[in-house]
Amino acid sequence: MKELHSQMNRKTYYISMLTIIALMLSGLVLSTTELNGVTVGYVVHCLCITVLTVCLLLYPKVETFPFRLSIILMGFAYFYTLSFLYPQSWTTYILICLLPALAILFYDLKLFYLSLILNGILILITFGYNLLYNQENEYAYIHTDVVGNFINIMGSQVILFLIFHLTFSRMRKQELYFEQLQQSERLKMIAHLTAAVAHEIRNPVTVVRGFLQLYREDASFEQPVRNKFALMIDELNTVEQVTSQFLTLAKPNRELRPEKVDVKEVLEGVTGLLSSYAMLSNKHMEVQVEEDCIILINTIEFKQLLINLIKNALEASDAGTTVQVTTKREKQWVEMRITDQGSGMTEEEVKSLGTPFYSLKTNGTGLGLMICYNIVEKYEGTIEYHSAKGQGTSVTIRFLAKTD
Ligand code: ADP
Ligand code: MG
């Protein structure tokens with residue numbers, strides 16, 4: 001808990017604690033008459049107050065778990081001592097029943113359960129002891145109605161448990177909601193930034209594409225060269241659409257319509273593009289695609305999906321290893337699997353995939369898989385990761401096959 005870092009909370013804390021200390025001291029003053037002078041009991045009482053006062057005043061400077069635990073234990077020592085020193089005051093029993101609530105002050109689940117269990121045990125022991133070994137005139141209120149008192153004491157512990165448990169889970173939910181809100185704010189900011197960058201990129205791309213279109217029509221170039229220009233234009237189209245697709249992070253782009261896509265064709269194009277990237281670091285790619293795998297998806301988004309997944313597989317792979325890409329028909333599904341023999345991931349890491357900004361790479365963005373998960377979800381497909389740390393990863397995506 002770092003709540004006492006705020007000036008306001010600190011002030012409230014000190015005012016409350018000074019009130020408590022004043023109450024404890026007034027109890028101590030009264031006890032000299034009740035205990036008939038300065039007895040051993042009086043000294044113990046005095047000692048408990050001194051230690052507790054020091055702990056409470058020091059706490060804002062030492063907000064650690066061991067210190068919180070010591071305060072709680074001191075609180076236990078203080079109130080249980082009171083219950084033994086002043087058997088006539090039944091109100092001490094109320095305070096004992098409320099002891100676990102001290103942990104609410106620290107908003108610490110572990111401390112709460114610990115003090116609830118400790119209090120349960122201590123209360124049973126003192127209750128039993130007072131009932132069996134003390135005379136009726138000492139703990140008269142217990143003797144008058146044993147069962148009723150016992151039920152009330154236990155009931156108070158259950159009520160405390162309920163209050164704390166429900167409040168804590170509600171607060172957790174709120175915290176989670178707040179975190180998500182912050183994350184979506186960050187996402188929005190990134191979307192705006194990338195939109196600005198995309199806009200800047202689009203202008204030069206349009207110019208280059210314009211020239212390439214001219215060259216493609218220019219008869220002075222040979223046909224194979226003109227075909228390459230056409231290919232370049234195609235890729236520039238992808239650049240343009242991919243950059244503008246970043247806008248979908250902020251607002252969905254309705255222009256990206258689904259179309260009939262031949263997986264083999266797109267996959268061969270993408271792997272052709274990425275094989276030179278793989279060769280740079282001496283990694284290999286193996287592609288096996290069945291014919292007749294047609295799905296309904298937007299080509300640009302499909303390319304983006306494949307590029308992200310294959311690039312991740314290549315980046316995780318060691319030099320000399322191979323990334324396998326296979327595609328086959330499985331009943332009504334078209335199933336694509338990308339397998340690498342790279343670094344692999346733990347179960348925890350796999351669970352975090354698709355979370356915005358989750359990246360274990362030094363220069364990673366952690367946006368690639370988030371976009372992939374969005375695309376898969378948009379076209380009602382599925383994506384599944386199987387990974388073992390140090391052995392490799394396989395990711396399977398499935399989309400409904402388009403038959404007619
Ligand atoms: P980036 O590639 O920018 O880090 P991604 O969203 O593409 O972001 O991936 C997120 C993280 O998931 C990566 O940083 C990596 O740690 C992990 N990851 C994704 N694919 C693989 C894979 N095939 N093998 C091992 N780790 C992977
Ligand atoms: Mg990536």
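# Close-up views of a predicted model

**Figure 1. Ser387 stands opposite Thr393 of strand S7.** The structure shown is a predicted model. Strand S6, residues 382–388, and strand S7, residues 392–400, run antiparallel and are joined by seven bridges. Another bridge partner pair in view is Ala388 with Gly392 of S7. The hairpin of S6 and S7 has three residues between the strands, and Gly390 takes a positive phi near 85 degrees there.

**Figure 2. Strand S7 also pairs with strand S5.** The pairing of S5 and S7 is antiparallel and extends over eight bridges. Within it, Arg337 has Thr396 of S7 as its bridge partner. Eight of the nine residues of S7 are buried, so the strand is largely enclosed by the rest of the structure.

**Figure 3. Surroundings of Arg398 in strand S7.** Arg398 counts as buried because its relative accessibility is 19%, and the cut-off for buried is under 20%. Two polar contacts of the Arg398 side chain are shown. One, of 3.0 Å, is made with the side chain of Glu335. The other, of 3.5 Å, joins Arg398 to the side chain of Glu384. Leaving out residues up to four places away in sequence, Arg398 touches Trp333, Val334, Glu335, Gly381, Thr382 and Glu384. Glu335 and Glu384 therefore appear both in this set of touching residues and as side-chain polar partners of Arg398, where a polar contact is a pair of N or O atoms within 3.5 Å.

**Figure 4. Ligand 1 and the residues around it.** Ligand 1 is surrounded by 18 residues, and the closest are Asn312, Ser359, Lys361, Thr365 and Leu369. The side chain of Ser359 has an N or O atom 2.5 Å from an oxygen atom of ligand 1. For the side chain of Lys361, the distance from an N or O atom to an oxygen atom of the ligand is 2.7 Å. The corresponding distance for the side chain of Asn312 is 2.8 Å. Ligand 1 taken alone exposes 540 Å², of which the protein buries 92%. Helix H11 (299–316) and helix H13 (368–378) each supply at least two residues of the shell. H11 gives the most, with three residues.

**Figure 5. Helix H13 and the residue Glu380 just after it.** Which residues of H13 are buried? They are Leu369, Met370, Ile371, Cys372, Ile375 and Val376. Leu369 is also one of the residues closest to ligand 1. Just after the helix, Glu380 takes a positive phi of about 55 degrees.

**Figure 6. Helix H1 and what covers its buried residues.** H1 runs over residues 7–34, and its end C-alpha atoms are 40 Å apart. This agrees with the span of 40 Å that its 28 residues should have at 1.5 Å a residue. Tyr13, Met17, Ile21, Met24, Leu28 and Ser31 of H1 are buried. An α-helix has 3.6 residues a turn, so residues three or four places apart point the same way. The cover over the buried residues of H1 includes helix H2 (40–58), helix H3 (65–85) and helix H5 (102–106). Just after H1, Asn36 takes a positive phi of about 60 degrees.

**Figure 7. Positive phi in two loops, at Asp292 and Lys331.** Most residues other than glycine have a negative phi. Asp292 is not a glycine, yet its phi is positive, at about 65 degrees. Asp292 is in the loop between strand S2 (284–289) and strand S3 (294–297). With a relative accessibility of 54%, Asp292 counts as exposed. Lys331, also a residue other than glycine, has a positive phi near 50 degrees. The loop holding Lys331 lies between strand S4 (322–330) and strand S5 (333–340). Lys331 is exposed, with a relative accessible area of 74%.

**Figure 8. Thr144 in helix H7.** Helix H7 covers residues 140–144 and includes Thr144. Is Thr144 buried or exposed? Thr144 counts as exposed because its relative accessibility is 68%, and the cut-off for exposed is over 50%. Ile96 is 48 residues from Thr144 along the chain, and the C-alpha atoms of the two are separated by 19 Å.

Definitions and conventions. Residues numbered from 1 in each chain as written. Chains lettered and ligands numbered in written order. Predicted model: local features only at pLDDT ≥ 70, side-chain atom pairs only at ≥ 80, totals over all residues. Heavy atoms only, no water. Helix = DSSP H or I, 4+ residues; strand = E, 2+ residues; numbered from the N terminus. Expected span 1.5 Å × (residues − 1). Buried < 20%, exposed > 50% of the residue type's maximum accessible area, 1.4 Å probe, protein only. Contact = heavy atoms within 4.5 Å. Pairing = 2+ DSSP bridges. Near = heavy atom within 4 Å. Polar contact = N/O pair within 3.5 Å; in protein donor to acceptor, adjacent residues only side chain to side chain. Areas by Shrake-Rupley, 256 points an atom, 1.4 Å probe, with all protein chains shown as cover.
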